[in-house]
Amino acid sequence: MNPKVDEFLNGVDQWQEELKRLRELILDCGVVEDFKWKHPCYTYKGKNIILIHGFKNYCALLFNKGVLLKDATQILIQQTENTLSARQIRFTSVAQIENQKTIIKQYILEAIEVEKLGLKVKVKKVTDFETPNELKQKFKENPEFKKAFKGLTPGRQKGYLLHFSKPKQSKTRISRIDKNKDRIFEGYGLNDCTCGLSKRMPNCDGSHNY
């Protein structure tokens, strides 16, 4: 048990009992406890397997390679449309965790097995994603905007390309591009925190709303 995790769990205002119970279940599966990205993280031979974290409306187990799990009971959730690999199991009470503890352990053990087998998530390159014509036109009109976009990390570029391509109507795609132009110039990703208040940096947790 990592003392940094003890300190973290004793200091949280919400989901404390739920997170402590999830911790017990995870540690019973033979992983190593660490503290990364300001959250409890569990590894197998140095590879990240699971993260536990809390949000406003739920707490969750985050499986780093959740997309590779069989998900026999169909409880894994894709946190956002841009999340390609990780998957969550969400909880809102200790009772819910207790009712699912056998299933939870099965998923944890399967995640460990995925790592033992050396399975990899096939990562798409930026060039594998469609660049909508509206974005191409914006690049043509403003080369500095194109330079700023290309300067983003591949993950951030992919997130924007998915977000911009999703609407069926051209005017909606243009609106999304214009709305995020300033964020792109500042180097922020679609879900990055820009107010500095998030407890899940660099991701936004909605703290700016409160």
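This section describes the overall fold of a predicted model, then the packing of its helices, its salt bridges and the surroundings of two buried residues.

The chain contains 8 helices and 5 strands. In sequence order these elements follow the pattern α-α-β-β-β-β-β-α-α-α-α-α-α. Taken along the principal axes, the box filled by the C-alpha atoms is roughly 55 × 40 × 30 Å. The chain has 210 residues, of which 42% count as buried. Among contacts with a separation of 6 or more, 57% are between residues 24 or more positions apart.

Helix α8 (residues 170-185) packs against helix α5 (residues 133-141) at an angle of about 45°, and the two axes are 9 Å apart. Angles that are neither under 35 degrees, nor over 145, nor from 65 to 115 count as oblique, and α5 and α8 are therefore oblique to each other. Their crossing is right-handed. On the α5 side the contact involves E134, L135 and K138, and on the α8 side S170, R173, I174, I177, D178 and K181. Sorted by class, this contact comprises 3 nonpolar, 1 polar and 5 charged residues.

Helix α8 also packs against α6, here at an angle of about 65° and again with the axes 9 Å apart. Since the range from 65 to 115 degrees counts as roughly perpendicular, α6 and α8 are placed in that class. The crossing of α6 and α8 is left-handed. The residues in contact are E144, F145, A148 and F149 from α6, together with I177, K181, I184 and F185 from α8. By class, the contact of α6 with α8 has 6 nonpolar and 2 charged residues, and no polar ones. I177 and K181 of α8 take part in the contact with α5 and also in the contact with α6.

Across the whole structure, 10 salt bridges were found. One of them joins the side chains of R173 and E134, with an N to O distance of 2.9 Å. R173 belongs to helix α8 and E134 to helix α5, so this pair ties together parts of the chain that are 39 residues apart in sequence. R173 and E134 are both buried. A salt bridge is also formed by the side chains of K138 and D178, at 2.9 Å from N to O. K138 is located in helix α5 and D178 in helix α8, so the pair links parts that are 40 residues apart in sequence. Here the burial of the partners is not matched: K138 is buried, at a relative accessible area of 15%, whereas D178 is partly exposed, at 38%. The four residues of these two pairs, R173, E134, K138 and D178, are among those that make the contact of α5 with α8.

Another salt bridge connects the side chains of D192 and R156, with N to O at 2.6 Å. D192 is in the segment after α8 and R156 is in helix α7 (residues 154-165), so parts that are 36 residues apart in sequence are tied together by this pair. D192 counts as buried, with 9% relative accessibility, and R156 as partly exposed, with 25%. Elsewhere, R21, E24, E98 and K101 are joined into one network by salt bridges that share partners.

Two buried residues, one in a loop and one in α7, were examined for their contacts. L152 is located in the loop between α6 (143-150) and α7. Its relative accessibility is 6%, under the 20% limit, so L152 counts as buried. Apart from neighbours within four places in sequence, L152 is in contact with Q157, Y160, I184, G187 and Y188. Of these, I184 is also one of the α8 residues that meet α6. L152 and L27 are separated by 125 residues in sequence and by 37 Å in space, C-alpha to C-alpha.

K158 is part of helix α7. At a relative accessibility of 11%, K158 counts as buried. With neighbours within four places in sequence left aside, the contacts of K158 are V123, K124, K125, V126 and F129.

Technical notes. Residues numbered from 1 in each chain as written. Predicted model: local features only at pLDDT ≥ 70, side-chain atom pairs only at ≥ 80, totals over all residues. Heavy atoms only, no water. Axes fitted to C-alpha atoms, helices over the stretch in contact; angles between N-to-C directions. Left-handed = near helix turned anticlockwise from the far one by under 90°. Contact = heavy atoms within 4.5 Å. Nonpolar A, V, L, I, M, F, W, Y, C, P; charged D, E, K, R; others polar. Salt bridge = Lys/Arg side-chain N within 4 Å of Asp/Glu carboxyl O. Buried < 20%, exposed > 50% of the residue type's maximum accessible area, 1.4 Å probe, protein only.
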